[in-house]
Amino acid sequence: YEILNVAVDPRFRRRGLAQTLIRNHQNKFPGTCFLEVRQSNHAARKLYLSLGFGEAGVRPGYYDHPPEAAIVMRRLS
């Protein structure tokens, strides 16, 4: 399966909400999971690595405004 979007209102960030959302989703839907993240989004990449995702590839020019590569991440369970 894929996670298409994870978003937390800026007023509530850094409280573990995204981590809780993803962990709950992983518990409810075990199996291989993919997601993409902006190459420059180091905070999100660090979070995903801590949740067992690994970098599986790069999609150059995937994002617009500004143009940027996507890092494809995968978690096996």
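User: How many residues of the lining of the largest pocket are nonpolar, polar and charged?

Analyst: This is a predicted model in which local features need pLDDT of at least 70 and side-chain atom pairs pLDDT 80 or more, while totals for chains, interfaces and linings use all residues. Residues are numbered from 1 along each chain as its sequence is written, and side-chain values use heavy atoms, without hydrogens or water. A pocket is an open set of points on a 1 Å grid over the protein atoms alone where a 1.4 Å probe fits, with protein on both sides within 12 Å along at least five of seven lines; lining residues have an atom within 4 Å of a point. Counting Ala, Val, Leu, Ile, Met, Phe, Trp, Tyr, Cys and Pro as nonpolar, Asp, Glu, Lys and Arg as charged and the others as polar, the lining has 16 nonpolar, 5 polar and 6 charged residues.

User: Which element gives the largest share of that lining?

Analyst: Helix 1, strand 1, helix 2 and strand 2 each give two or more residues to the lining of the largest pocket (DSSP runs of at least four residues for helices and two for strands). The largest share, 6 residues, comes from helix 2.

User: Is Q26 buried or exposed?

Analyst: Q26 lies in helix 1, residues 17-28. Q26 touches Y1, L51, F53 and R75 (heavy atoms within 4.5 Å), leaving aside residues up to four places away in sequence. Its relative accessible area is 8%, and the limit is under 20% with a 1.4 Å probe, so Q26 is buried.

User: Which residue is the bridge partner of G57 in strand 3?

Analyst: The open sheet has 3 strands in the order 1-3-2, paired antiparallel (at least two bridges per pair). Strand 2 is joined to strand 3, residues 68-75, by 6 bridges. In strand 3, the partner of G57 is V72.

Definitions and conventions. Buried < 20%, exposed > 50% of the residue type's maximum accessible area, 1.4 Å probe, protein only.
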